[in-house]
Amino acid sequence: MTALKVEKRLKIKRRVRKNIFGTASKPRLSVFRSNKEIYGQIIDDVEQKTLLAVSSRTTDVSGNKVEQAYAIGKKLGEQAVSNGIEVVIFDRNGYLYHGRVKNFADGAREGGLKF
């Protein structure tokens, strides 16, 4: 019996989320990618609130999907630093750290976030 691709990712996500927990001093940076878009959120798990969210749907970015991921990550990093958030825990949400997820993380680092 084989698991679907999404089920495998959700299994990895549950396994990783057991150990990753965001606080007010060190929130969690969660990334989600669909076939067309990429989304990033900075979350305080103690208060169960999203502190900041940016996506490729709400911002005007051009280029291919990899370039868009980098631009969205950079924009999220800049907004987080302007809101006083400098250190985060990166949650790749079960995706491989490759391609769009890696470029999103690189953009967030260049925007000023540390993780």
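Which residue in β4 does Arg28 stand opposite? In this predicted model, the residue facing Arg28 is Ile89 of β4. That pairing is a handy place to enter the fold, and the sheet to which it belongs is described next, followed by the core, the aromatic groups and a few individual residues.

Confidence in the prediction can be stated briefly. Across the chain the mean pLDDT is 93, with 98% of residues reaching 70 or more. Helix α1 (residues 5-17) has the lowest confidence, with a mean of 90, while helix α3 (residues 100-111) has the highest, at 97.

The sheet is open and made of four strands, arranged in the order β3-β2-β1-β4 with mixed pairing. Its edges are formed by β3 (49-55) and β4 (89-91), each of which pairs on one side only. On average, and with direction ignored, neighbouring strands are turned by 20° against each other. Strand β1 (residues 28-33) runs antiparallel to strand β2 (residues 38-44), and six bridges join the two. A hairpin of four residues connects β1 to β2, and Phe32 stands opposite Tyr39 in β2. Between β1 and β4 the direction is parallel, with three bridges joining them; the Arg28 and Ile89 positions described at the outset face each other here. Helix α3 lies across β1, β2 and β4 and runs at about 140° to β1.

What lies at the heart of the nonpolar packing? The largest nonpolar core comprises 19 residues, and those with the most contacts inside it are Leu29, Ile42, Leu76, Phe90, Phe104 and Leu113. Two or more residues of this core come from each of β1, β2, β3, α2 and α3. Leu29 gives a good view of these surroundings: leaving aside residues up to four places away in sequence, it touches Gln41, Ile42, Leu76, Val88, Ile89, Phe90, Asp91, Phe104, Ala108, Leu113 and Phe115.

Helix α2 (residues 65-82) offers two residues for a closer look. One of them, Ala80, lies in this helix and has a relative accessible area of 0%, so it is buried. Outside the window of four places in sequence, Ala80 touches Ile42, Leu52, Ile85 and Leu113. Ile42 and Leu113 are also listed among the core residues with the most contacts. Tyr95 is 15 residues from Ala80 along the chain, and the C-alpha atoms of the two are separated by 23 Å. Gln68 lies in helix α2 as well. With a relative accessible area of 15%, Gln68 falls under the 20% limit and therefore counts as buried. The contacts of Gln68, again not counting residues up to four places away in sequence, are Lys36, Ser56, Val61, Ser62 and Gly63.

The aromatic side chains deserve a paragraph of their own. The structure holds four aromatic pairs. In one of these, the ring centres of Phe90 and Tyr97 are 6.2 Å apart and the planes meet at 85°, so the arrangement is edge-to-face. The two partners can also be described by their accessibility: Phe90 is buried at 15% relative accessible area, whereas Tyr97, at 36%, is partly exposed. Phe90 is also one of the core residues with the most contacts. Elsewhere, Phe32, Tyr39 and Tyr95 form one aromatic cluster, and within it Phe32 and Tyr39 are the residues that stand opposite each other across β1 and β2.

Two loop residues stand out for their backbone geometry. Most residues other than glycine have a negative phi. Gln48, which is not a glycine, nevertheless has a positive phi of about 55°, and Asn93, likewise not a glycine, has a positive phi of about 65°. Gln48 is found in the loop between β2 and β3, and Asn93 in the loop between β4 and α3. Are these two residues buried or exposed? Gln48 has a relative accessible area of 71%, over the 50% limit, and so is exposed. Asn93, by contrast, is buried, with a relative accessible area of 6%.

Key:
Residues numbered from 1 in each chain as written. Predicted model: local features only at pLDDT ≥ 70, side-chain atom pairs only at ≥ 80, totals over all residues. Heavy atoms only, no water. Buried < 20%, exposed > 50% of the residue type's maximum accessible area, 1.4 Å probe, protein only. Contact = heavy atoms within 4.5 Å. Phe/Tyr/Trp six-rings, centres within 6.5 Å; stacked < 30°, edge-to-face > 60°. pLDDT = per-residue confidence, 0-100. Pairing = 2+ DSSP bridges. Axes fitted to C-alpha atoms, helices over the stretch in contact; angles between N-to-C directions. Core = buried A, V, L, I, M, F, W, Y, C linked by side-chain atoms within 4.5 Å.
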